[in-house]
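Student: I would like a close look at one buried part of this protein, set within the fold as a whole. Please begin with the overall dimensions and then work inward to the helices concerned.

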Amino acid sequence: MITAVVYSESGGTYKTTMTANLAVALRRMGLRTLVIDLDPQEGNLTSLFDAGASRSDPDADNLVKHILDMPDGPFEDLIETTAEGVDIVPSHDMLGDFTSNLEQKISYETGMQNMSREEYPRFELLYDLLWERESLQEEYDVVLIDPNARAEDLLYNAIFALRTLVAPVKPAGKGNLSLDGLGELVGNMESQLDIEVGLACVVPSGVGQTNAHQQYREQFESTPEFATPVSIGDRESLMDAMWEARGSAFKVVEERWKTFERDGEMVSEPGQRRVRDREIATLERLSELAYFLATETFDADVEPVLDIDVVDDETRQLDLREHREVTTA
(Lines give C-alpha, C1' and ligand atoms only; values in the text may rest on other atoms or scores of the structure.)
Protein backbone atom coordinates (compact mmCIF):
# COMPACT_ATOMS: atom_id res chain seq x y z
CA MET A 1 0.00 0.00 0.00
CA ILE A 2 1.19 3.51 -0.85
CA THR A 3 1.05 5.94 2.08
CA ALA A 4 2.71 9.35 2.09
CA VAL A 5 2.52 12.76 3.73
CA VAL A 6 3.33 15.60 1.32
CA TYR A 7 5.07 18.06 3.61
CA SER A 8 7.12 21.23 3.46
CA GLU A 9 8.03 23.64 6.23
CA SER A 10 7.96 26.60 3.85
CA GLY A 11 5.16 28.00 1.72
CA GLY A 12 5.04 28.34 -2.04
CA THR A 13 6.31 24.82 -2.75
CA TYR A 14 3.13 23.54 -4.47
CA LYS A 15 2.47 21.29 -1.46
CA THR A 16 -1.31 21.17 -1.79
CA THR A 17 -1.39 21.16 -5.59
CA MET A 18 1.29 18.45 -5.61
CA THR A 19 -0.83 16.29 -3.30
CA ALA A 20 -3.80 16.70 -5.65
CA ASN A 21 -1.73 15.96 -8.76
CA LEU A 22 -0.09 12.91 -7.19
CA ALA A 23 -3.50 11.59 -6.15
CA VAL A 24 -5.01 12.04 -9.61
CA ALA A 25 -1.96 10.54 -11.34
CA LEU A 26 -2.06 7.47 -9.09
CA ARG A 27 -5.79 7.13 -9.67
CA ARG A 28 -5.13 7.20 -13.42
CA MET A 29 -2.68 4.35 -12.89
CA GLY A 30 -5.57 2.22 -11.65
CA LEU A 31 -5.13 2.65 -7.89
CA ARG A 32 -7.95 3.28 -5.44
CA THR A 33 -6.84 6.58 -3.93
CA LEU A 34 -7.88 8.50 -0.81
CA VAL A 35 -6.58 11.91 0.25
CA ILE A 36 -7.01 13.28 3.75
CA ASP A 37 -7.01 17.03 4.27
CA LEU A 38 -5.57 18.02 7.66
CA ASP A 39 -5.12 21.69 6.81
CA PRO A 40 -7.77 23.96 8.40
CA GLN A 41 -6.93 26.91 6.13
CA GLU A 42 -9.38 28.02 3.45
CA GLY A 43 -7.06 27.53 0.46
CA ASN A 44 -6.59 23.82 1.00
CA LEU A 45 -7.09 20.48 -0.71
CA THR A 46 -10.80 20.45 0.16
CA SER A 47 -11.33 23.77 -1.61
CA LEU A 48 -9.28 22.67 -4.59
CA PHE A 49 -11.41 19.55 -5.09
CA ASP A 50 -14.66 21.48 -4.44
CA ALA A 51 -15.56 19.27 -1.47
CA GLY A 52 -16.52 19.75 2.17
CA ALA A 53 -19.83 21.62 2.03
CA SER A 54 -20.19 21.14 5.81
CA ARG A 55 -16.67 22.22 6.73
CA SER A 56 -17.90 25.30 8.63
CA ASP A 57 -20.85 23.60 10.33
CA PRO A 58 -19.88 23.11 14.01
CA ASP A 59 -22.49 20.37 14.39
CA ALA A 60 -21.41 18.33 11.38
CA ASP A 61 -19.56 15.07 11.85
CA ASN A 62 -15.92 15.46 10.88
CA LEU A 63 -12.50 13.84 11.01
CA VAL A 64 -11.53 15.37 14.36
CA LYS A 65 -14.47 13.73 16.09
CA HIS A 66 -13.41 10.38 14.65
CA ILE A 67 -9.73 10.81 15.58
CA LEU A 68 -10.79 11.59 19.15
CA ASP A 69 -13.18 8.60 19.10
CA MET A 70 -16.30 10.75 19.46
CA PRO A 71 -17.97 10.29 16.04
CA ASP A 72 -21.48 11.38 15.16
CA GLY A 73 -21.78 8.81 12.39
CA PRO A 74 -19.89 6.19 10.36
CA PHE A 75 -16.46 7.13 9.03
CA GLU A 76 -17.46 6.22 5.48
CA ASP A 77 -19.98 9.07 5.50
CA LEU A 78 -17.09 11.55 5.76
CA ILE A 79 -15.62 10.39 2.44
CA GLU A 80 -16.54 12.25 -0.74
CA THR A 81 -15.65 11.23 -4.29
CA THR A 82 -14.24 14.01 -6.46
CA ALA A 83 -14.98 14.56 -10.14
CA GLU A 84 -11.59 13.00 -11.01
CA GLY A 85 -12.26 9.77 -9.13
CA VAL A 86 -10.11 10.50 -6.07
CA ASP A 87 -11.82 10.09 -2.70
CA ILE A 88 -11.28 12.75 -0.05
CA VAL A 89 -11.85 13.17 3.67
CA PRO A 90 -12.43 16.93 3.73
CA SER A 91 -11.03 19.49 6.08
CA HIS A 92 -13.23 20.95 8.83
CA ASP A 93 -12.93 24.09 10.94
CA MET A 94 -12.60 21.89 14.04
CA LEU A 95 -9.09 20.96 12.87
CA GLY A 96 -7.98 24.42 14.00
CA ASP A 97 -8.83 23.48 17.59
CA PHE A 98 -7.48 19.95 17.42
CA THR A 99 -4.80 20.35 20.10
CA SER A 100 -7.13 21.98 22.63
CA ASN A 101 -9.72 19.23 22.09
CA LEU A 102 -6.99 16.61 22.36
CA GLU A 103 -5.80 18.09 25.65
CA GLN A 104 -9.31 17.78 27.08
CA LYS A 105 -9.46 14.15 25.99
CA ILE A 106 -6.04 13.42 27.49
CA SER A 107 -6.99 15.03 30.82
CA TYR A 108 -10.18 12.99 31.00
CA GLU A 109 -8.74 9.64 29.95
CA THR A 110 -5.55 9.82 32.01
CA GLY A 111 -7.67 10.64 35.06
CA MET A 112 -10.03 7.74 34.39
CA GLN A 113 -7.25 5.25 33.66
CA ASN A 114 -4.79 6.44 36.29
CA MET A 115 -2.00 6.96 33.73
CA SER A 116 0.48 9.79 33.32
CA ARG A 117 0.21 12.27 30.45
CA GLU A 118 3.54 10.99 29.11
CA GLU A 119 2.05 7.52 28.72
CA TYR A 120 -0.87 8.71 26.62
CA PRO A 121 -0.42 7.84 22.89
CA ARG A 122 -1.27 11.32 21.59
CA PHE A 123 0.45 10.81 18.23
CA GLU A 124 -1.04 7.37 17.54
CA LEU A 125 -4.71 8.34 17.32
CA LEU A 126 -4.93 8.79 13.52
CA TYR A 127 -2.99 5.54 13.01
CA ASP A 128 -5.51 3.67 15.15
CA LEU A 129 -8.44 5.24 13.31
CA LEU A 130 -7.21 4.54 9.78
CA TRP A 131 -5.75 1.09 10.14
CA GLU A 132 -7.14 -0.48 13.32
CA ARG A 133 -10.73 0.81 13.50
CA GLU A 134 -11.51 1.53 9.83
CA SER A 135 -9.13 -0.89 8.06
CA LEU A 136 -8.63 1.45 5.12
CA GLN A 137 -5.93 -0.88 3.82
CA GLU A 138 -8.80 -3.13 2.68
CA GLU A 139 -10.53 -0.33 0.73
CA TYR A 140 -7.67 1.68 -0.80
CA ASP A 141 -4.35 1.20 -2.54
CA VAL A 142 -3.17 4.75 -1.77
CA VAL A 143 -3.64 7.12 1.17
CA LEU A 144 -2.08 10.58 0.95
CA ILE A 145 -2.25 13.34 3.55
CA ASP A 146 -1.97 17.07 3.00
CA PRO A 147 -1.10 18.27 6.53
CA ASN A 148 -0.96 21.61 8.26
CA ALA A 149 2.49 23.16 8.08
CA ARG A 150 3.12 23.63 11.78
CA ALA A 151 5.00 20.95 13.72
CA GLU A 152 2.21 20.09 16.16
CA ASP A 153 -0.17 17.27 17.04
CA LEU A 154 -1.96 17.00 13.68
CA LEU A 155 1.27 16.82 11.70
CA TYR A 156 2.80 14.25 14.03
CA ASN A 157 -0.37 12.14 13.88
CA ALA A 158 -0.16 12.22 10.08
CA ILE A 159 3.49 11.16 10.03
CA PHE A 160 2.98 8.44 12.64
CA ALA A 161 0.09 7.06 10.58
CA LEU A 162 1.75 7.07 7.14
CA ARG A 163 5.51 6.91 7.94
CA THR A 164 6.67 8.27 4.55
CA LEU A 165 7.34 11.85 3.40
CA VAL A 166 7.34 13.45 -0.03
CA ALA A 167 9.09 16.81 0.35
CA PRO A 168 8.51 19.59 -2.19
CA VAL A 169 11.15 22.30 -1.79
CA LYS A 170 11.70 25.80 -3.11
CA PRO A 171 14.71 26.31 -5.38
CA ALA A 172 15.77 29.49 -3.56
CA GLY A 173 14.70 32.03 -0.97
CA LYS A 174 14.26 32.48 2.75
CA GLY A 175 13.10 29.52 4.77
CA ASN A 176 14.10 26.81 2.32
CA LEU A 177 14.96 23.35 3.47
CA SER A 178 18.67 22.76 2.93
CA LEU A 179 20.24 19.36 2.37
CA ASP A 180 21.28 19.22 6.01
CA GLY A 181 17.90 20.57 7.08
CA LEU A 182 16.03 17.71 5.43
CA GLY A 183 18.04 15.13 7.31
CA GLU A 184 17.54 17.05 10.54
CA LEU A 185 13.79 17.30 9.90
CA VAL A 186 13.40 13.55 9.45
CA GLY A 187 15.66 12.84 12.42
CA ASN A 188 13.62 15.10 14.68
CA MET A 189 10.39 13.42 13.60
CA GLU A 190 11.82 9.97 14.23
CA SER A 191 13.05 11.02 17.67
CA GLN A 192 9.74 12.64 18.60
CA LEU A 193 7.62 9.71 17.42
CA ASP A 194 10.03 6.82 18.14
CA ILE A 195 9.48 5.34 14.66
CA GLU A 196 11.37 5.18 11.37
CA VAL A 197 10.29 7.85 8.90
CA GLY A 198 11.13 7.35 5.25
CA LEU A 199 11.90 10.29 2.98
CA ALA A 200 10.63 8.92 -0.34
CA CYS A 201 11.90 11.82 -2.40
CA VAL A 202 12.54 15.53 -2.64
CA VAL A 203 10.88 17.53 -5.40
CA PRO A 204 12.37 20.93 -6.29
CA SER A 205 9.30 22.92 -7.31
CA GLY A 206 8.83 26.28 -8.97
CA VAL A 207 12.25 25.98 -10.60
CA GLY A 208 12.96 28.93 -12.87
CA GLN A 209 15.61 29.44 -15.53
CA THR A 210 17.98 31.57 -13.44
CA ASN A 211 21.45 30.27 -12.68
CA ALA A 212 20.67 30.24 -8.96
CA HIS A 213 17.57 28.08 -9.47
CA GLN A 214 19.35 25.67 -11.74
CA GLN A 215 22.30 25.34 -9.35
CA TYR A 216 19.93 24.65 -6.47
CA ARG A 217 18.13 21.99 -8.50
CA GLU A 218 21.42 20.36 -9.51
CA GLN A 219 22.54 20.31 -5.88
CA PHE A 220 19.50 18.26 -4.91
CA GLU A 221 19.71 15.96 -7.90
CA SER A 222 23.35 15.12 -7.23
CA THR A 223 23.07 14.27 -3.53
CA PRO A 224 23.10 10.54 -2.66
CA GLU A 225 21.17 11.03 0.62
CA PHE A 226 17.73 11.00 -0.99
CA ALA A 227 16.02 10.64 -4.36
CA THR A 228 15.10 13.56 -6.61
CA PRO A 229 13.18 11.80 -9.39
CA VAL A 230 11.87 14.99 -11.06
CA SER A 231 11.90 18.75 -10.75
CA ILE A 232 8.82 20.85 -11.43
CA GLY A 233 9.33 24.08 -13.32
CA ASP A 234 7.86 27.44 -12.47
CA ARG A 235 4.27 26.83 -13.56
CA GLU A 236 2.44 29.43 -11.50
CA SER A 237 -0.24 29.99 -14.15
CA LEU A 238 -1.00 26.28 -14.38
CA MET A 239 -1.09 25.79 -10.60
CA ASP A 240 -3.25 28.88 -10.10
CA ALA A 241 -5.70 27.61 -12.72
CA MET A 242 -6.24 24.47 -10.64
CA TRP A 243 -8.13 26.53 -8.06
CA GLU A 244 -10.44 27.94 -10.73
CA ALA A 245 -11.01 24.56 -12.39
CA ARG A 246 -11.47 22.89 -9.00
CA GLY A 247 -9.23 20.00 -9.89
CA SER A 248 -5.80 18.79 -10.88
CA ALA A 249 -3.35 20.14 -13.44
CA PHE A 250 -4.47 17.23 -15.63
CA LYS A 251 -8.00 18.67 -15.61
CA VAL A 252 -6.75 22.19 -16.33
CA VAL A 253 -4.72 21.13 -19.38
CA GLU A 254 -7.05 18.49 -20.77
CA GLU A 255 -10.19 20.65 -20.41
CA ARG A 256 -8.19 23.79 -21.30
CA TRP A 257 -9.26 25.95 -18.35
CA LYS A 258 -8.26 29.60 -18.46
CA THR A 259 -8.98 32.73 -16.42
CA PHE A 260 -9.48 35.86 -18.49
CA GLU A 261 -11.29 39.19 -18.52
CA ARG A 262 -14.74 39.50 -20.09
CA ASP A 263 -16.86 42.64 -19.94
CA GLY A 264 -14.78 44.04 -17.10
CA GLU A 265 -14.97 40.86 -14.99
CA MET A 266 -12.57 37.95 -14.49
CA VAL A 267 -14.06 34.63 -15.51
CA SER A 268 -12.73 31.07 -15.69
CA GLU A 269 -13.92 28.66 -18.37
CA PRO A 270 -12.87 25.39 -19.99
CA GLY A 271 -12.01 25.29 -23.67
CA GLN A 272 -10.08 28.55 -23.61
CA ARG A 273 -6.52 27.59 -22.65
CA ARG A 274 -3.86 27.34 -25.33
CA VAL A 275 -2.07 24.00 -25.48
CA ARG A 276 1.49 24.58 -24.31
CA ASP A 277 4.24 22.01 -24.72
CA ARG A 278 5.78 23.00 -21.39
CA GLU A 279 2.51 22.30 -19.58
CA ILE A 280 2.12 18.92 -21.28
CA ALA A 281 5.68 18.20 -20.15
CA THR A 282 4.74 19.18 -16.59
CA LEU A 283 1.94 16.61 -16.61
CA GLU A 284 4.54 14.08 -17.68
CA ARG A 285 6.81 15.05 -14.80
CA LEU A 286 3.94 14.76 -12.31
CA SER A 287 3.10 11.33 -13.72
CA GLU A 288 6.74 10.29 -13.44
CA LEU A 289 6.78 11.41 -9.81
CA ALA A 290 3.69 9.33 -9.05
CA TYR A 291 5.18 6.36 -10.89
CA PHE A 292 8.42 6.68 -8.91
CA LEU A 293 6.52 6.79 -5.61
CA ALA A 294 4.44 3.76 -6.57
CA THR A 295 7.14 1.54 -8.06
CA GLU A 296 10.44 2.62 -6.50
CA THR A 297 9.31 3.51 -2.97
CA PHE A 298 6.50 0.99 -2.52
CA ASP A 299 7.04 -1.61 -5.27
CA ALA A 300 3.39 -1.34 -6.32
CA ASP A 301 1.97 -2.76 -9.54
CA VAL A 302 0.49 0.10 -11.58
CA GLU A 303 -0.57 0.87 -15.13
CA PRO A 304 2.55 2.42 -16.74
CA VAL A 305 0.91 3.77 -19.90
CA LEU A 306 -1.21 6.90 -19.49
CA ASP A 307 -3.13 9.05 -21.94
CA ILE A 308 -3.14 12.84 -21.84
CA ASP A 309 -6.32 13.61 -23.73
CA VAL A 310 -6.65 17.34 -24.47
CA VAL A 311 -9.99 18.65 -25.75
CA ASP A 312 -9.84 19.47 -29.48
CA ASP A 313 -6.24 18.33 -29.69
CA GLU A 314 -4.30 15.11 -30.15
CA THR A 315 -4.14 12.43 -27.48
CA ARG A 316 -0.64 11.97 -26.15
CA GLN A 317 0.42 8.61 -24.77
CA LEU A 318 3.00 8.47 -22.00
CA ASP A 319 4.90 5.26 -21.26
CA LEU A 320 6.35 5.84 -17.80
CA ARG A 321 8.70 2.88 -18.10
CA GLU A 322 10.74 4.98 -20.53
CA HIS A 323 11.09 7.98 -18.19
CA ARG A 324 13.51 6.98 -15.49
CA GLU A 325 16.01 9.81 -15.91
CA VAL A 326 15.73 13.06 -13.91
CA THR A 327 13.90 15.67 -15.99
CA THR A 328 12.55 19.17 -15.51
CA ALA A 329 9.60 20.78 -17.23
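Tutor: In this predicted model, the radius of gyration is 20 Å, which agrees with the value near 20 Å that a compact globule of 329 residues would have. Along the principal axes, the C-alpha atoms occupy a box of roughly 65 × 50 × 40 Å. Eleven helices and 13 strands make up the secondary structure. Of the contacts between residues at least 6 apart in sequence, 72% join residues at least 24 apart.

Of the 329 residues, 55% are buried. The exposed surface of the protein comes to about 14,800 Å², of which carbon and sulfur atoms supply 41%. The protein carries 29 positive and 65 negative charges, and the mean positions of these two sets lie 6 Å apart.

The interior can be described through its nonpolar cores. The largest nonpolar core comprises 53 residues, and Leu26 and Val166 have the most contacts inside it. Helix α11, residues 277-297, gives the most to this core, contributing nine residues. Leaving aside residues up to four places away in sequence, Leu26 touches Ile2, Leu31, Thr33, Val142, Leu144, Ala290 and Ala294. A second core, separate from the largest one, has 43 residues, among them Met94, Tyr120, Leu130 and Ile159.

The part for closer inspection is helix α5 together with leucine 102 of helix α4. Helix α5 spans residues 125-133, and its buried residues include Leu125, Leu126, Leu129, Leu130 and Trp131. Leu130 of this helix also belongs to the second core. In an α-helix there are 3.6 residues a turn, so residues three or four places apart point the same way. The buried residues of α5 pack against several elements: strands β1 (2-6), β2 (33-37) and β5 (142-146), and helices α3 (63-67), α4 and α6 (153-162).

Helix α4 covers residues 98-113 and contains leucine 102. The relative accessibility of leucine 102 is 0%, and therefore this residue counts as buried. Beyond residues up to four places away in sequence, leucine 102 touches Leu68, Tyr120, Arg122, Leu125 and Asp153. Among these partners, Leu125 is itself one of the buried residues of α5, and Tyr120 is a member of the second core. As a point of reference across the fold, the C-alpha atom of leucine 102 is separated by 45 Å from that of glutamate 265, which is 163 residues away along the chain.

The backbone after α5 also merits attention. Most residues other than glycine have a negative phi. Serine 135, which follows α5, has a positive phi, near 50 degrees. Two aspartates elsewhere in the chain also have positive phi values. Aspartate 50 has a phi near 55 degrees and is placed in the loop between α2 (45-48) and α3. With a relative accessible area of 59%, aspartate 50 is exposed. Aspartate 194 has a phi of about 60 degrees and lies in the loop between α7 (179-193) and β7 (198-207). Its relative accessible area is 71%, so aspartate 194 is likewise exposed.

Definitions and conventions: Residues are numbered from 1 along each chain as its sequence is written. This is a predicted model: local features need pLDDT of at least 70, side-chain atom pairs count only at pLDDT 80 or more; totals for chains, interfaces and linings use all residues. Side-chain values use heavy atoms; hydrogens and water are left out. Helices (H or I, at least four residues) and strands (E, at least two) are DSSP runs, numbered from the N terminus. The radius of gyration is taken over C-alpha atoms; the globule rule is 2.2 Å times the number of residues to the power 0.38. Buried means under 20% relative accessible area, exposed over 50%, partly exposed in between (1.4 Å probe, protein chains only). Contact means heavy atoms within 4.5 Å. Accessible areas come from the Shrake-Rupley method with a 1.4 Å probe; for residues, only the protein chains shown count as cover. Lys and Arg count as positive and Asp and Glu as negative; His and the chain ends are not counted. The place of a charge is taken as NZ of Lys, CZ of Arg, CG of Asp or CD of Glu. A nonpolar core is a set of buried Ala, Val, Leu, Ile, Met, Phe, Trp, Tyr and Cys residues joined through side-chain atoms within 4.5 Å.
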